[in-house]
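Biologist: Hello! I would like a close look at the charged side chains of this model, and I hope you can take your time over it.

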Amino acid sequence: MLNIKNLQVGLEEEEKQILKGVDLNIGEGEVHAIMGPNGSGKSTTSYVLAGKDGYEVTGGSATLNGEELLDMEPEERAAAGLFLAFQYPVEIPGVGNMTFLRTAVNAQRKARGEEELSAGEFLKEVRAKAKSLKIDADMLKRPVNVGFSGGEKKRNEILQMAMLEPKMCVLDETDSGLDVDAMKLVAEGVNALRDGKRSFLVITHYQRLLDHIKPDVVHIMADGKIVKTGGPELALEVENNGYADILAEVA
Amino acid sequence: MTDMIAKDGVEEETVEAVKSLSGEYKYGFSTDVEMEYAPLGLTEDIVRLISEKNEEPEWMLEWRLQAFERWKQMEEPDWAMVDYPKIDFQDIYYYARPASMAEEKPKSLDDVDPKLLETYAKLGIPLKEQALLAGVEAPEGERKVAVDAVFDSVSVGTTFQDELKKAGVIFMSISEALKEHPDLVKKYIGTVVPQSDNFYATLNSAVFSDGSFVYIPEGVKCPMELSTYFRINAENTGQFERTLIIAEKGSYVSYLEGCTAPQRDVAQLHAAVVELVIQEDAEIKYSTVQNWFPGDAEGKGGIYNFVTKRADCRGDRAKVMWTQVETGSAVTWKYPSCILRGDDSQGEFYSIAIANNFQQADTGTKMIHLGKNTKSRIVSKGISAGKAQNTYRGLVSMHPKAANARNYTQCDSLLIGDKCGAHTVPYIEVKNNTARVEHEATTSKVDDDQLFYCRSRGMDEEEAVALVVNGFCKEVLQALPMEFAMEAQALVAISLEGSVG
Ligand SMILES: Nc1ncnc2c1ncn2[C@@H]1O[C@H](COP(=O)(O)OP(=O)(O)O)[C@@H](O)[C@H]1O
Ligand SMILES: [Mg+2]
């Protein structure tokens, strides 16, 4: 599904290398987690995959089902099946959440040469999916993320993911700032999308989210590189001993 | 819930409309009909000729001539933040009409030259008596819109006349009104915008050729939306229309104005006057979607739009609401104003002004508070892209007798790119210490993070800009009647095409 090879990334504006050769292979239907200390390059990895400006790829590649993502515009990556749930979802004043969703869904359908969803079909689908994430009609009506609580923003990201039905989902610290109940709700939303084909890359600082979204593979990132890869037990190790031991071990 | 669908429905159309339209000015075609012109330039004879063509009463001619004498002594104003080559007023045609509209005017729309009808069909203006924009989900059932179509200097026809007559509403071209209701016209014309008001208004008073006239009798709620559609077709011809709307006690009307012009590389002049008279407990909603040709991407051609619009709330509790979406014109000079004379009268001004490429817009409003407890609200959204300059100029004046008067002004500017400019020029005069004026202004840039967020969800850059800008304009778009809101949203998107990337 997603194959990242020796990805090296710096900043466009200043001389600073952030990713120093990231390798990552995620197969169909797999759930991988990336953990790592703050500033290790986790968000940068997700932004570069999604095509955010301001970064300069100095080497390596990232392919989605064999197609080079790094050559595509952000919207082409989305249409190809990549989805990023943002660590800090952006507010768009004046634009209704529902309008935003429908515009996005139809833009992707169009790009893929599919028929647009009719207003009726769309509405039915949104309502059903919103309900399971405990997103009420009012939240669908409000402007995108404006005045949403932290939990509401994250649930809204998952709703977008559910509506867009991507092949490869990248979740950047979707658990940060959530209480236990909100985190469970989000995890349930993600688990509902696991169908054996869709793949996930869950970026998190803490192990607790991984109690709810069970990963197949866990990677530890430090200083712009994947320094260790293992099974779910690796996450527990981090939980119990922190990052220091692992970092010392690989140093 | 239903409410949500309706509003959402409006926005959803935007992106679809954008996609379906090309990136170029869509109304730039011209109609090939035989035209009749007055001789080039402006003299007393031309003024007489226009009056004669319209078969006007003698007093009207006298009034025009008086204006013309005055105009000759006046200087073109230069205080606005717009810059354009000096206009040679002797190098303009002041009257042009399709030959088919001469002498024997068509009795009904069925007799109008099919080429003219075709023009309006192409522009999407329904002259057949049917609901505007069939297929629009209208919350209050079917909605009808009566249209007065003005082609260059003359009105081509007005729809739904019979139905309106039954309600007692008069809606016709002003040239017809001068024949059928001369006393009404005489009583009100020039009482809101006097002949002497300003250079362009004085010019208009001398040479206006047509326009719309609306009279809503006491207690009548106009049974449908009224609209006038202005089309400049002839080359090198000025359009000088005059609109007069009178809302008697306790009446209500919603009026829409739309404008387009062919794409030509020589600039053309448009100098209109709009006068609204609002009596006790009456209300007028006046909406404009102005989409004159803005000139090409190099700044050649386009319409110079110098317009004087004013509403006089004469009675107590009279209300007026101006809503404008200004996307076109090379140069816009326009300040729809409210004179709040009656006690407890209210004026509102909602504006979206978009300037792209080399467009220049200097627009705003004047709220003149004369009566007690008068209220006004100004919401202005200026969007600049390319090398355009956008100025908001607003006056709020609280007179000594305007006890407890209130004004709230919100003035937001949005910049796309770094070669354009936005300017805010508020003038505030308060001569009553119980009056309150609030002013808020913001300037922001289209945020890269917002665009990236939209794009990461699959929208292309132009869709993303259109969505974000429409969000920025939301409050104003919501003030428009449904049918116009959709058109306006699509226009917002179209006029910004090519502004990113
Ligand atoms: N746009 C940027 N400008 C400056 N520094 C950046 C930018 N993006 C990331 N960085 C730096 O790159 C490093 C990695 O950041 P990030 O990817 O956000 O880490 P993580 O998500 O693992 O906490 C940090 O040192 C951060 O300060
Ligand atoms: Mg991060």
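Biologist: Which residues form the negative surface patch?

Modeller: Happy to help. This is a predicted model, in which local features need pLDDT of at least 70, side-chain atom pairs count only at pLDDT 80 or more, and totals for chains, interfaces and linings use all residues. Residues are numbered from 1 along each chain as its sequence is written, chains are lettered from A and ligands numbered from 1 in the order in which they are written, and side-chain values use heavy atoms, with hydrogens and water left out.

The negative patch is made up of Glu12(A), Glu13(A), Glu14(A), Glu15(A), Asp53(A) and Glu56(A), together with Asp447(B) and Asp448(B). For a patch, residues must have over 30% relative accessible area and no salt bridge, with like charges joined within 9 Å and nonpolar side chains (Val, Leu, Ile, Met, Phe, Trp, Tyr) within 5 Å. Asp and Glu count as negative and Lys and Arg as positive, while His and the chain ends are not counted. The place of a charge is NZ of Lys, CZ of Arg, CG of Asp or CD of Glu, and accessible areas come from the Shrake-Rupley method with a 1.4 Å probe, where for residues only the protein chains shown count as cover.

One patch member, Asp448(B), sits in helix H9 (residues 448-456) of chain B; helices (H or I, at least four residues) and strands (E, at least two) are DSSP runs, numbered from the N terminus. Asp448(B) counts as exposed because its relative accessibility is 58%, given that buried means under 20% relative accessible area, exposed over 50%, and partly exposed in between (1.4 Å probe, protein chains only).

Now to the charges that do pair. A salt bridge is a side-chain nitrogen of Lys or Arg within 4 Å of a carboxyl oxygen of Asp or Glu, and a search of the whole structure finds 28 of them over all chains. One network of salt bridges links Glu73(A) and Glu75(A) with Arg455(B). Within chain A, Arg112(A) pairs with Glu114(A), their closest N and O atoms being 3.3 Å apart. Arg112(A) is partly exposed, with a relative accessible area of 36%, and Glu114(A) is partly exposed at 36%.

In chain B, Glu275(B) and Arg242(B) meet in a salt bridge at 3.0 Å, N to O. Glu275(B) belongs to strand E11 (residues 273-278) and Arg242(B) to strand E8 (residues 242-247), so this pair ties together parts that are 33 residues apart in sequence. Glu275(B) is buried, with a relative accessible area of 0%, and Arg242(B) is buried at 0%.

Another chain B salt bridge joins Asp281(B) to Arg317(B) at 2.7 Å, N to O. Asp281(B) lies in the loop between E11 and strand E12 (283-290), and Arg317(B) in the loop between strand E13 (303-313) and strand E14 (319-326), so parts 36 residues apart in sequence are tied together. Asp281(B) counts as partly exposed at 38% relative accessibility, and Arg317(B) counts as partly exposed at 40%.

Two acidic residues are worth a look for their backbone. Glu165(A), though not a glycine, has a positive phi of about 45°; its place is the loop between helix H6 (150-164) and strand E9 (168-172) of chain A. Asp344(B) is not a glycine either, and has a positive phi of about 60°; this residue lies in the loop between strand E16 (337-340) and strand E17 (346-355) of chain B.
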